[in-house]
Amino acid sequence: MSKQSCELYLITPPKIDPDAFAEDLAAALDAGPVACLQLRLKEVSDDEIKRAAEALLPVCHERGVPLLMNDRPDLALLTGCDGAHVGQQDTPYEEARRTLGDEAMIGVTCHNSIHLAMEAAEAGADYVAFGAFYPTETKEIIHHAEIETLETWASFSTVPCVAIGGINHDNAKPLIEAGADFLCVITAVWKHPEGPAAAVKAFNALMAST
Ligand SMILES: Cc1ncc(COP(=O)(O)OP(=O)(O)O)c(N)n1
Ligand SMILES: Cc1nc(C(=O)O)sc1CCOP(=O)(O)O
Ligand SMILES: [Mg+2]
């Protein structure tokens with residue numbers, strides 16, 4: 001069977017108990033293909049982030065899923081993560097690449113900007129991320145993205161693009177149709193009423209049929 005053209009990219013919930021979350025994560029990853037997990041914990045100590053990475057890395061790696069560290073290439077290196085995601089206010093892409101080396105996976109937030117995405121792609125980013133496409137309660141949104149931005153990007157670039165922000169099973173289809181290579185999701189998976197495994201199954205069914 002050929003690989004579906006759009007894949008699921010998960011980010012951890014904003015607050016986790018690493019050992020308890022490791023069980024939810026295992027169930028989610030066992031429910032269907034997940035391309036990647038990002039560890040995103042804001043306003044916690046480096047020790048907490050390191051403990052979380054330690055708990056989640058084996059769960060990811062036993063299943064062949066790369067773990068990316070949000071914001072902190074230095075901690076990605078220290079903990080043995082597979083890469084990092086950096087935003088426009090974070091460590092610059094070039095510095096992240098110097099820290100992590102050529103083999104690491106590094107993604108860059110580009111909001112709604114083809115210009116930022118071209119800069120990131122030309123510098124060597126593994127993916128560019130556009131968002132927020134829909135309202136979200138996960139974080140305060142300053143930049144809103146348009147679906148046309150995905151279409152434009154997909155029309156001329158081979159660098160994969162991620163769509164993020166308020167994505168759920170009911171609003172994801174237009175993003176897939178517009179050419180998103182990855183749908184990046186927090187709430188719609190970890191707070192799905194039937195649990196994360198059901199959410200992963202439903203996203204994969206949608207992506208396979210779109
Ligand atoms: C895949 C992906 N896309 C965008 C973001 C947002 O990054 P950033 O703008 O740096 O905001 P924070 O996530 O750090 O609050 C992301 N983390 N992942
Ligand atoms: C972390 C993040 N970055 C965004 C951006 O637009 O760059 S939106 C977002 C939150 C995504 O969470 P949910 O799936 O719960 O809406
Ligand atoms: Mg950031």
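Thr-109 sits in strand β5. This is a predicted model. Thr-109 is buried, because 21 other C-beta atoms lie within 10 Å and the cut-off for burial is 20 or more. Thr-109 is also among the closest residues to ligand 1, and the unreviewed UniProt entry lists Thr-109 under "binding site".

**Around Thr-109**
- Setting aside neighbours within four places in sequence, Thr-109 contacts Gly-87, Gln-88 and Ala-129.
- Gly-87 and Ala-129 are, like Thr-109, among the closest residues to ligand 1.

**Shell of ligand 1**
- The shell around ligand 1 holds 15 residues.
- Ile-164 and Cys-184 also belong to the closest group.
- Three strands each give at least two shell residues: β5 (105–109), β6 (127–131) and β7 (161–164).
- By type, the shell has four nonpolar, seven polar and four charged residues.

**UniProt "binding site" positions**
- Besides Thr-109, the unreviewed entry lists Gln-38, Leu-39, Arg-40, Leu-41, Lys-42, Asn-70 and Lys-139.
- Lys-139 lies in the loop between β6 and α6 (147–156).
- Lys-139 counts as exposed, because it has 12 C-beta neighbours inside 10 Å and the cut-off for exposure is 12 or fewer.

**Overall fold**
- The protein chain has nine helices and eight strands.
- Its radius of gyration is 16 Å, close to the 17 Å from the globule rule for 210 residues, so the chain is as compact as a globular protein of that length.
- The C-alpha trace spans about 40 × 40 × 35 Å along its principal axes.
- Buried residues make up 43% of the 210 residues.
- Of the contacts with a separation of 6 or more, 58% join residues 24 or more positions apart.

Definitions and conventions. Residues numbered from 1 in each chain as written. Chains lettered and ligands numbered in written order. Predicted model: local features only at pLDDT ≥ 70, side-chain atom pairs only at ≥ 80, totals over all residues. Near = placed C-beta within 6 Å. Helix = DSSP H or I, 4+ residues; strand = E, 2+ residues; numbered from the N terminus. Nonpolar A, V, L, I, M, F, W, Y, C, P; charged D, E, K, R; others polar. UniProt positions renumbered as here; feature names shortened; annotations may be inferred. Contact = placed C-beta atoms within 7 Å. Rg over C-alpha atoms; globule rule 2.2 N^0.38 Å.
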